[in-house]
Amino acid sequence: MGAVAASRRQPIGLLLVEDNPADARLLSESLREVAATEPVVIRTVRTLSEALLEMQRYSFTCVLLDLNLPDGKGVHNVEALRAIDRRVAIVVLTGTDDDQVAAEAIRLGAQEYLVKGQFDGGKILRLLRHAVERNKQVHELEDQRYREFQRATHDGLTGLANRELLYDRLEQSMAQAQLTGETFALCYIDLDGFKAVNDRYGHRAGDDLLVRVAHILRESVRATDSVARVGGDEFLVLMRQFDGKLDPGPRARRLRERVRAIRQIGELPIELDASVGIVMYPQHGEGVEMLMERADRAMYEAKRGGGGVAFYEGSLTMRAADRAAEFRAELEQALEQDRFSLLYHPWIDIQTQRFVAVEVLLRWDRDGGVQGPEDFLRAAAASGRGCEIGLHVAMKAFMQWRAWRELGLELGQLSLNLGEAELEDERYLSALATVATSCGIDPAEIRLEVPVSLLGGQSAHNLAAKLREAREFGFGVLLDQFGPDGEALKWLTTLPLSGIKLGRHVMRALHEEGERGAMYRSVLAICGAAAALGLPVVVTGVETTQERNTLQAMGCLLMQGQLFSPAETAERLPVRLQQGPDGFDEARWPVEASGQG
């Protein structure tokens with residue numbers, strides 16, 4: 001069996017760099033003696049320059065490198081090879097008194113060293129194999145660390161910097177500006193019309209549009225600038241001085257025009273605009289938070305004018321209280337006139353091909369358009385009306401749930417999204433339980449979806465206590481936007497959860513990395529841990545049959561996404577439930593109740 005296994009190994013492509021013909025011949029002959037079981041393809045050169053040319057022409061598994069060549073001496077030879085191919089394994093050839101040089105070569109990236117004269121074929125081959133394997137492990141670890149860094153500092157969809165990385169760059173720019181006296185600008189860009197694209201064509205089209213905008217912004221700025229995605233359809237551009245000049249106004253207007261020039265995604269026609277707010281450092285603020293807040297105000301001032309570009313002005317601060325009062329009045333009117341509408345997005349059990357739950361999604365019919373919660377809930381929470389909106393939504397959803405039940409429709413669970421404002425309110429969960437009971441709904445039928453990111457701050461333990469309280473009231477609790485984060489994984493065993501929901505960023509990473517990527521292994525580990533604890537795993541954002549099949553093979557059986565059903569109105573949902581899910585060639589069955597907990 002050992003010989004058979006060895007014969008199946010990939011041959012080692014070896015570049016031997018040795019200027020001594022006798023040593024080169026001895027090494028080659030020693031390796032050929034064991035080549036029957038361990039195939040080695042050897043190419044020999046005598047100088048460093050020849051080695052560099054060969055490495056540019058061919059891909060080698062390993063390089064056996066003499067450190068004393070006619071045109072290269074010592075560890076500089078290793079550095080020269082690394083400059084051509086950082087991923088090739090290197091074994092250095094040394095004399096008996098070159099231990100320190102060999103150690104330095106290994107520090108610079110070589111994997112092993114071989115003392116001249118010790119030319120036993122079997123030992124050399126084992127050393128080469130160990131060097132190749134060690135090199136492979138080192139680069140796999142480096143790749144994994146790089147991916148983890150990218151996930152922590154970059155947006156998973158667009159590849160742009162995320163909010164945390166941009167904050168770090170802002171702080172660096174401020175420190176540099178304080179030393180040099182230079183200034184910089186921060187542009188806050190919000191897309192106008194993105195929500196309509198998302199609602200009309202689905203999340204995949206929306207994602208494609210965001211990637212397109214990110215590409216336009218990235219290629220439209222200078223190399224010294226930074227671009228970040230900081231929200232659903234919100235971007236920031238950090239513009240630095242170039243040759244002593246800074247012209248954010250004209251440049252921001254050009255960015256806006258390039259965004260407005262997007263007229264279709266694929267074959268889908270769209271209408272898009274952008275509102276841009278600009279602040280200058282240090283004129284408009286001396287801290288990151290102040291700059292961000294004032295850039296946001298300037299952006300909304302541009303939006304109120306129908307889109308365009310607006311610089312921050314001191315008068316905006318004075319008008320902030322007036323705008324807050326105006327916004328509170330709008331909220332009160334929306335609550336009184338019931339301008340908050342609900343959509344219902346089903347989950348499916350892949351094994352039975354039946355819908356087993358439905359998530360409630362909030363929309364605000366405002367200013368002749370429809371806004372999603374990301375557009376207004378933060379401001380609503382700041383105005384003190386966030387919890388009131390949450391209870392209004394719950395009451396409306398519970399009454400609709402009861403109406404469907406009276407029609408004979410049963411759908412195992414109803415899922416509500418909770419934010420930080422609701423969890424921080426001492427009375428909210430009690431009020432929510434009262435509303436459910438008054439509508440004839442058992443809290444056990446309700447799942448509260450809470451973003452796992454809320455458990456990452458200083459108030460994590462207080463919020464965790466509120467989730468335990470929710471369970472005491474009888475509600476189920478799902479951690480939403482879950483991913484392969486060590487800090488998040490600890491909550492699986494410390495909270496009384498009803499399940500977890502993997503975020504769309506997980507689906508994007510699986511699509512990009514494939515089955516050999518770190519995310520694939522992470523999802524397998526998450527599913528295994530959840531299964532051991534008896535916790536269902538829901539995956540959202542599933543849009544293709546390939547994604548469905550991959551997830552099912554990994555053990556993920558509860559899914560949600562455009563492949564199976566879009567988010568439906570209350571009027572349309574009963575029809576969808578009777579039709580069953582899309583995304584299957586086989587016969588489908590209508591919805592039935594599920595007792596999954």
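Start with the open sheet: five strands lie in the order β2-β1-β3-β6-β7, and their pairing is parallel. Keep in mind that you're looking at a predicted model. At the edges sit β2 (40–45) and β7 (112–115), each of which pairs on one side only. If you ignore direction, neighbouring strands in this sheet are turned against each other by 20° on average.

Now zoom in on one pair. Strand β1 (residues 12–17) runs parallel to strand β3 (residues 62–66), and four bridges link the two. You can find one such match yourself: look for Leu16, whose bridge partner in β3 is Leu64.

Next, add a helix to the picture. Helix α6 packs on the sheet and touches β1, β2, β3, β6 (89–94) and β7. Its direction makes about 140° with that of β6.

Helix α6 (residues 121–153) also meets helix α2 (residues 21–33). How do you describe a meeting like that? For two packed helices, you give the angle between their axes and the distance between the axes. Here the axes of α2 and α6 come within 8 Å and cross at roughly 85°. Angles of 65 to 115 degrees count as roughly perpendicular, so that's what α2 is to α6. On the α2 side, Leu27, Ser30 and Leu31 make the contact, while α6 brings in Gly121, Ile124, Leu125 and Leu128. Five of these contact residues are nonpolar, two are polar and none is charged.

Finally, step back to the whole protein. It has 23 helices and 23 strands. Of its 597 residues, 50% count as buried. The accessible surface comes to about 28,500 Å², with 49% of that belonging to carbon and sulfur atoms.

Technical notes:
Residues are numbered from 1 along each chain as its sequence is written. This is a predicted model: local features need pLDDT of at least 70, side-chain atom pairs count only at pLDDT 80 or more; totals for chains, interfaces and linings use all residues. Side-chain values use heavy atoms; hydrogens and water are left out. Axes are lines fitted to C-alpha atoms, for helices over the stretch in contact, and angles run from 0 to 180 degrees between N-to-C directions. Angles under 35 degrees count as roughly parallel, over 145 as roughly antiparallel, 65 to 115 as roughly perpendicular and the rest as oblique. Contact means heavy atoms within 4.5 Å. Ala, Val, Leu, Ile, Met, Phe, Trp, Tyr, Cys and Pro count as nonpolar, Asp, Glu, Lys and Arg as charged, and the others, Gly among them, as polar. Buried means under 20% relative accessible area, exposed over 50%, partly exposed in between (1.4 Å probe, protein chains only). Accessible areas come from the Shrake-Rupley method with a 1.4 Å probe; for residues, only the protein chains shown count as cover. Two strands pair if DSSP finds at least two bridges between them.
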